[in-house]
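Biologist: I like to know what stands behind the labels before I trust them. Could we go through this one together, with the cut-offs spelled out?

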Amino acid sequence: RGVGREDESIGNRGEDTERPFPKWLLQMSEFDRFNRGDGYDADQLVKVLKKGPAVRSDIECSHVYNWLTRTGAFDGQDPKIVRLISERLMAVTFKTGEALVKSGSVVECFYYIFSGDVEVNHNHQSHIYSDHQILGKKAVHHEALENFEAVALSNVVAFRINYNDYHFAINSVKSEYN
């Protein structure tokens, strides 16, 4: 993806759910290598997700999609929705003691905890979220989260998707079926 592609619809990258990427991309040997899983290591994945979505290459986008489908975090979701989410996912880092969500603030996104530990205090109950767990998913589904706070217990790398991008993905795919 080039810088100028920001205006393009992120919903027209493929025609079906079995093959969500264009035929020309599927035929590239580099894409095939990433598809088999012998592409990026964890550090490279984080670097890709720190880039703005508009400047990621098609190969990078496909790798993120393939990684995200392997996590199982979105099992049961339409693959087109997962593809759109993967294109908007961003890596963020938090230092020990830093708040992911401050008490009293509105939760506008959810986090896939890639590495590290996060303590969540919600309604006077404490829970620890660790590697490969999703934090804040209820907020994205319009459930009110009062008295909610999340603080990094160690250095944390998390992948964030905001509420608007998540619902854009769902609504885009729904409109294709209507």
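Modeller: Let's start at His132, which lies in the loop between strand 5 and strand 6 (133-135). Strands here are DSSP runs of E with at least two residues, while helices are runs of H or I with at least four, both numbered from the N terminus. Keep in mind that this is a predicted model, where local features need pLDDT of at least 70, side-chain atom pairs count only at pLDDT 80 or more, and totals for chains, interfaces and linings use all residues. Residues are numbered from 1 along each chain as its sequence is written, and side-chain values use heavy atoms, with hydrogens and water left out.

Biologist: What makes His132 stand out, given that it is not a glycine?

Modeller: His132 has a positive phi of about 70 degrees.

Biologist: Why is His132 called partly exposed?

Modeller: Buried means under 20% relative accessible area, exposed means over 50%, and partly exposed is what lies in between, using a 1.4 Å probe and the protein chains only. His132 comes out at 48%, so it gets the in-between label.

Biologist: And what makes Ala152 buried?

Modeller: The relative accessible area of Ala152 is 2%, which is under the 20% limit, so the label is buried. Ala152 is found in strand 7. If we skip neighbours within four places in sequence, Ala152 is in contact (heavy atoms within 4.5 Å) with Phe94, Lys95, Thr96, Gly97, Glu98, Leu100, Asp117 and Val118.

Biologist: How do you know that the side chains along strand 7 alternate?

Modeller: Phe148, Ala150 and Ala152 point to one face and are buried, whereas Glu149 and Val151 point to the other face and are not. That fits the general rule that side chains in a regular strand alternate between the two faces of the sheet.

Biologist: Why do strand 2 and strand 7 count as paired?

Modeller: Pairing asks for at least two bridges found by DSSP. Strand 2 and strand 7 (residues 148-152) have 2 bridges in the antiparallel sense, so they meet the limit. Val101 stands opposite Ala150 there, and Ala99 stands opposite Val151. Strand 7 also pairs with strand 4 (residues 118-122), antiparallel again, over 5 bridges. In that pairing, Val120 stands opposite Ala150.

Biologist: What makes strand 2 and strand 5 edge strands?

Modeller: The sheet is open, with 4 strands in the order 2-7-4-5 and antiparallel pairing. Strand 2 (99-101) and strand 5 (125-129) each have a single partner strand, so one side of each is left without a neighbour in the sheet.

Biologist: Now the inside. What is it that makes a set of residues a nonpolar core?

Modeller: The members are buried Ala, Val, Leu, Ile, Met, Phe, Trp, Tyr and Cys residues, joined through side-chain atoms within 4.5 Å. The largest such core has 27 residues, and Trp67, Phe74, Ile85, Leu89, Phe114 and Phe159 touch the most other members. A second, separate core of 16 residues includes Tyr111, Val120, Phe148 and Ala158. Back in the largest core, Trp67 touches Leu45, Leu89, Tyr112, Phe114 and Phe159, not counting residues up to four places away in sequence.

Biologist: How do you know that the buried residues of helix 3 are on the same side?

Modeller: The buried ones in helix 3 are Leu45, Val46, Val48 and Leu49. They cover an arc of only 160 degrees around the axis, which puts them on the same side; the arc is that of the directions from the helix axis to the C-beta atoms. Asp43 and Lys47, on the other side of helix 3, are exposed. What covers the buried residues includes helix 4, strand 1 (90-94), strand 3 and strand 8.

Biologist: Why is helix 5 called mostly covered?

Modeller: In helix 5, 8 of its 10 residues are buried. Those buried residues are Lys80, Ile81, Val82, Arg83, Leu84, Ile85, Ser86 and Glu87. Their cover includes helix 4, strand 8 and helix 7.

Biologist: And how many helices and strands are there in the protein chain?

Modeller: There are 7 helices and 8 strands. Of the 178 residues of the protein chain, 43% count as buried.
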